Amino acid sequence: MAFSRVATPSDNDFSQGSNNVERTLILIKPDAMARGLAGTVLSRFEAKGLKIAGIKMIQLDEALLKAHYRHLADKPFFPTICEFMSRTPVIALCLEGLEAVEVCRSLCGVTNSRKAAPGTIRGDLGMSMQANLVHASDSVDTAKAEVARFFSEAELFGYEQPVINFLYASDERG
């Protein structure tokens with residue numbers, strides 16, 4: 001199995017014509033880290049068939065938090081989010097697959113864990129609005145910006161996924 005450093009979502013497992021292959025950002029949040037659920041959360045994405053293109057543990061600093069949550073900077077809860085997200089290191093993931101953004105959002109469940117459906121990460125494991133285990137990009141455009149914010153090109157990998165023929169139908173692979 002060959003690994004390459006600079007790869008785009010369609011370089012390895014799908015034909016160039018497959019335009020639904022996406023990359024998205026997932027952050028495994030401090031509550032999941034503190035509760036020992038990082039592996040459980042990660043395994044839900046892997047079990048679904050999403051491919052890990054990048055993974056690292058990082059401590060979020062003030063500058064990164066301000067950039068990541070700038071759309072919430074004027075909200076009264078902004079300082080609370082920043083404090084919470086800097087309590088422990090987080091695990092940043094770049095996941096790849098067909099319609100990865102929507103698939104990940106569905107796996108996570110709604111933001112308020114108490115209202116998240118059973119079977120979702122938040123519905124099964126969470127009880128809070130803020131301490132909801134995981135962040136997932138909310139759109140393809142946001143995902144592109146967030147992946148670039150958290151990963152350099154050298155930290156993203158393309159590789160052949162041997163089970164690809166069992167994850168997608170041939171017409172989905174292109």
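Which residue lies over the face of Phe151? Lys56 does, at 5.1 Å from the ring centre. The model is predicted. Its charged side chains offer a good way in, but the overall fold comes first.

The protein chain has nine helices and six strands. It runs to 174 residues, and 48% of them count as buried. Take the contacts between residues at least 6 apart in sequence: 76% of these join residues at least 24 apart. The accessible surface comes to about 8,900 Å². Carbon and sulfur atoms account for 55% of that surface.

Now return to Lys56. This residue sits in strand β3. Besides lying over the ring of Phe151, Lys56 forms a salt bridge with Glu155, with the closest N and O atoms 3.0 Å apart. Glu155 is in the loop between α7 (140-150) and β6 (158-159), and the pair links parts of the chain 99 residues apart. Both partners are partly exposed. Glu155 has a relative accessibility of 28%, and Lys56 has a relative accessible area of 22%.

Strand β3 (residues 51-58) also contains Lys51. Here too a lysine meets a ring: Lys51 lies over the face of Tyr159, at 4.8 Å from the ring centre. Lys51 also forms a salt bridge, in this case with Glu96, and the closest N and O atoms are 3.4 Å apart. Glu96 belongs to strand β4 (residues 90-98), so this salt bridge links two strands through residues 45 apart in the chain.

Is the Glu96 side of this pair buried or exposed? Glu96 is buried, with a relative accessible area of 4%. Lys51 is buried as well, at 2%. Each value falls under the 20% limit for a buried residue. The pairing does not stand alone. Salt bridges that share partners join Arg23, Lys51 and Glu96 into one network.

How many salt bridges does a search of the whole structure find? It finds six. One of them pairs Asp124 with Arg44, and their closest N and O atoms are 3.1 Å apart. Asp124 lies in helix α6 (residues 121-125) and Arg44 in helix α2 (residues 38-48), so the salt bridge ties together parts that are 80 residues apart in sequence. Asp124 is partly exposed, with a relative accessible area of 41%. Arg44 is also partly exposed, at 22%. Side chains of opposite charge can pair when their charged atoms come close.

Aromatic rings give another view. Lysines lie over the rings of Tyr159 and Phe151. Yet the structure holds zero aromatic pairs.

The backbone deserves a look too. Which phi does Glu99 have? The angle is positive, about 50°, although Glu99 is not a glycine. Glu99 is found in the loop between β4 and α5 (100-108). At 38% relative accessibility, Glu99 counts as partly exposed.

Leu133 also has a positive phi, of about 75°, and is not a glycine. Leu133 is found in the loop between α6 and β5 (134-136). Its surroundings cover it: at 0% relative accessibility, Leu133 counts as buried. Glu99, by contrast, is partly exposed.

Technical notes. Residues are numbered from 1 along each chain as its sequence is written. This is a predicted model: local features need pLDDT of at least 70, side-chain atom pairs count only at pLDDT 80 or more; totals for chains, interfaces and linings use all residues. Side-chain values use heavy atoms; hydrogens and water are left out. Helices (H or I, at least four residues) and strands (E, at least two) are DSSP runs, numbered from the N terminus. Buried means under 20% relative accessible area, exposed over 50%, partly exposed in between (1.4 Å probe, protein chains only). Contact means heavy atoms within 4.5 Å. Accessible areas come from the Shrake-Rupley method with a 1.4 Å probe; for residues, only the protein chains shown count as cover. Rings of Phe, Tyr and Trp (its six-membered ring) pair if their centres lie within 6.5 Å; planes under 30 degrees apart count as stacked, over 60 as edge-to-face and the rest as tilted. A charge sits over a ring if NZ of Lys or CZ of Arg is within 6 Å of the ring centre and within 35 degrees of the ring normal. A salt bridge is a side-chain nitrogen of Lys or Arg within 4 Å of a carboxyl oxygen of Asp or Glu.
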